[in-house]
Every structure is written in structure tokens, then in C-alpha cells.
Amino acid sequence: MAKKSIADVNVAGKTVLMRVDFNVPLDDNSNVTDDRRVRMAVPSIKSVIDRGGKLILCSHLGRPEPGQDNSKESLKPAADVLATLLGKPVAFATDAVDADASAKVAALKDGDVLVLENLRFYKGEKKGDAAFAAKLAGFADIYCNDAFGTCHRTDASMVAVPQAMIGKPRVVGFLVQKEIQYLSDAIANPQRPFIAILGGAKVSDKINVIKNLLTICDKVLIGGAMAYTFSLAMGGKVGQSRVELDKVELAKELIQLGGSRLVLPTDTHCGDAFNSDCNKVVVKAGEIPDTFQGFDIGPATAAQYAQELKNAKTVVWNGPMGVFEMPPFDAGTRIVAEAIANSSATSIIGGGDSAAAIQQLGFADKVSHVSTGGGASLSMLEGQKFAAVELLDEA
Ligand code: AMP
């Protein structure tokens, strides 16, 4: 599924429309509080402008209501951050497809950058509207998708715009290229043993990920609160632990489906209140006292999982093993993260909380890939194909 990348097209003198993910957090004064998403897009951006392309950047930010006062969701602060990062002026259009955008697109010179106002200020973006898409498509000679976090969606800028640009180069940026390389290609042809380790709050969020990975992995190790729903399915006692009663039958099915490939915790670190100072006890899985709840995998499970990960050649991790935000219940997550960091396996960390955990624990640069997309990374691990990626040019 290798896709042609922005590096493969001649951009000199051409106008490139690049869909980026500038959905940055802003404070009450519209200051960007975390510029990571803008920073990560810089390699694709520089690839265009350093080779004399004219670059139009478009993105969504937040969830504005089209037609309302959306000044809090303007992309202007992100454009300003980009100008600082690039060390050169970045033009900003106060609309995305109307008079100001058209004028500023027409004024672009080779090597210039223009950021369009938030695409979600228009109803057509979420609706995948062809007329809205045609206006964006009409601005450019080349389309580039570097917005992995939105790749599982069918918004106009993701699907209808490249559809409207049939016959012109339609490529991926470096961020999307890397996500596909790991979340799709490495998983399709894994080196074995291939171990997945899945945790987090709910089974319901990850049913399809578990099902898909059970068909391709040698083992799927389970942790986090979702383990207690499996424990109930096996007739265990879970005390006050977080469970999904309506998913117990499904957990039974997954246990059947997985057989020995589905590995559940053998012990649990429990507390009697949701705080670090609570009374704590380590018990066997399925034997949690009535007044306690499971907050982490136990030490025996953590050691067993670390051993499995040590021997792996490919690892996918999604979801913490416990309440990693609340020591000492971060221990299981830390031991697993450390084992992944120290292994020579190709290691792929799903977006969201496991990405946050691996950053927080300081191991992010010791793994092969930390995905930037929460929902998109889960969908890819479910084995879903994304229309926004499928329709782009093959390498
Ligand atoms: P998710 O977004 O599904 O990956 O879930 C991540 C969240 O699950 C984190 O905020 C963890 O604190 C929480 N979590 C993990 N294990 C447990 C547990 N045993 N009890 C309660 N919350 C948990």
C-alpha cells in the first residue's frame, strides 16, 4: 500500500494544497499551548517551499458551529506559530474558499506559504460536499495529505478534494507516510513473534482491534480496566473494579476466539479508593475483595508480559496497563513500556493514552513509531481501509 509522497513530485513553480492537522490546543487568549502538531508538519512543508513550490495549508481546528462566532477556533494562531518555526512570513486568509483566500492564493510566489482559515467554518467540510471541495481543489496543481489524525474521516478536504483533483498528483506527506509504513505495512508483514499488548479503560473501544489482532498476532496480552470484564467472563470476582457488564458475553466470545493467543493477567494491584494513598493489596486475578478495585496489573503479570515482549520481533501497544496517571498504579505500564523500549522489536505505539504514557515515561525515542492519531490509529489497527488514503497515488 506504499503511496507516492510529496518528495516524489516536482513542486517547483506549482501550487500545492496540503491538508495538515493544525488542530492545536489554544488557551483563553488564543495562545497555542502545545505546538507539536505544527512542528511535526514542518518537514513536509519545507519539502515544498525549499523546492520552490507555492504552498496552501488547510486544516480544521476544534468543533466550530458554521455560521456562529467562531473567532476562538481561528487558525491564525497556528499560522503565527508556523511563521516562527519557519523563520519567515506565513500569509493567512480570513476565509477558506472565498474572496480573501482566492486573492491570497493568486498572490502566492514560489516558496511562499498561505494558511487558510478553519475548514470547519463551512458546513461543506464535515458533509464532504463536492461544491465546497471543488473550490479548494481549484486552487492547486498538487494535493498532499499530511493529516493522519483525520485520515479515518471522510471530510471534504480528506476525500472530495482529492477526488476533484483526479489527473493531478495526489500524494501523502511524510507524517502520513510513516504512519502507514508502521500501522499498516509492518503489521501486514510482521516479523515474528508478533505480540500485541492492549489496555485502557474499555473493551468496547477496542473490540475490533482485539479481533483483528487475534487473527494476525502470535499473542495478544490484555491489561487495563478491560481485563476485569474478561475476568467477569471467566467467573472471577472483580470487587468495585471498572467493568462493562454488557460486554461480558462478548469477552467470552473473544476468549473462545483467541484460545491460547489471548493472554489475561494472573494478578492485580488493587486499591480501596481512587487515590495514591489508598489501602493497597495485590491479589490473584478474579479474587479482588468486595471493597477494592483493580487499578493495575500485578507484579507477576508485569514480569510475564515483559518477558513475552523481550522475545518479540514486532510489538503493537495500545492502552495503559492501569491508572498510569496515579502512582504506584503506573508500575505495570512502566514495566511494559520499559520492556518495549529495551527490546529490538519493531515497536509501534498506538495514539492517545499509550502515546502519552510512553512520552511521560521518557521512552518515546526508544520505540520505532509513536502514532499521532488516536481514532485513526485504532481504526488502522482494526484493519480498516481509509478512503482518504486509498485514493492517493501509488508509489
Ligand atoms: P483508553 O483511552 O481506553 O486507552 O484508556 C486510558 C485510561 O484508562 C487511562 O486514563 C487510565 O487511567 C484508565 N485505566 C486503565 N486501567 C484502569 C483501571 N484498572 N481502572 C480505571 N481506569 C483505568
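In this predicted model, the largest cavity is lined by Asp21, Arg37, Met40, Ala41, Asp146, Phe148, Gly149, Leu175 and Thr372. Its volume comes to about 90 Å³, and the count of cavities of 30 Å³ or more is one. Helix H1, which spans residues 36–49, is the main contributor to this lining, giving three residues. Sorted by class, the residues around the largest cavity comprise four that are nonpolar, two that are polar and three that are charged.

Attention can now turn from the enclosed space to the open one. The largest pocket has a volume of about 530 Å³. A total of 22 residues line this pocket, and those nearest its centre are Arg36, Met40, Gln359, Ser371 and Thr372. Two or more lining residues come from each of H1, helix H7 (174–188), helix H13 (353–360) and strand S17 (369–370). Among these elements, H7 supplies the largest share, with four residues. The pocket lining is made up of eight nonpolar, eight polar and six charged residues. A reader following individual side chains may enjoy spotting some familiar names here: Met40 and Thr372 belong to the lining of the largest cavity and are also listed among the residues nearest the centre of the largest pocket.

The ligand offers another good place to look. Its surroundings consist of 15 residues, with Ala201, Lys206, Gly294, Glu325 and Asp353 the closest. Several polar contacts can be described in detail. A polar backbone atom of Ala201 is 3.0 Å from an oxygen atom of the ligand, while Lys206 places a polar side-chain atom 3.1 Å from a ligand oxygen atom. For Gly294, the partner is a nitrogen atom of the ligand, 3.0 Å from a polar backbone atom of this residue. The ligand on its own exposes 500 Å², of which 83% is buried by the protein.

Finally, helix H9 deserves a short visit. This helix runs over residues 226–233 and is mostly covered, with seven of its eight residues buried. Those buried residues are Met226, Ala227, Tyr228, Thr229, Phe230, Ser231 and Ala233. Just beyond the helix, the backbone at Gly235 adopts a positive phi of about 85°.

How values were computed
Residues are numbered from 1 along each chain as its sequence is written. This is a predicted model: local features need pLDDT of at least 70, side-chain atom pairs count only at pLDDT 80 or more; totals for chains, interfaces and linings use all residues. Side-chain values use heavy atoms; hydrogens and water are left out. Buried means under 20% relative accessible area, exposed over 50%, partly exposed in between (1.4 Å probe, protein chains only). On a 1 Å grid over the protein atoms alone, a cavity is a set of points where a 1.4 Å probe fits but cannot get out, and a pocket is an open set with protein on both sides within 12 Å along at least five of seven lines; lining residues have an atom within 4 Å of a point. Grid points are joined across faces, edges and corners, and a volume is the space filled by probe spheres set on the points. Ala, Val, Leu, Ile, Met, Phe, Trp, Tyr, Cys and Pro count as nonpolar, Asp, Glu, Lys and Arg as charged, and the others, Gly among them, as polar. A residue is near a molecule or strand if one of its heavy atoms lies within 4 Å of it. A polar contact is a pair of N or O atoms within 3.5 Å; within protein, one must be able to donate a hydrogen and the other to accept it, and residues adjacent in sequence count only if both atoms are side-chain atoms. Accessible areas come from the Shrake-Rupley method with a 1.4 Å probe; for residues, only the protein chains shown count as cover.
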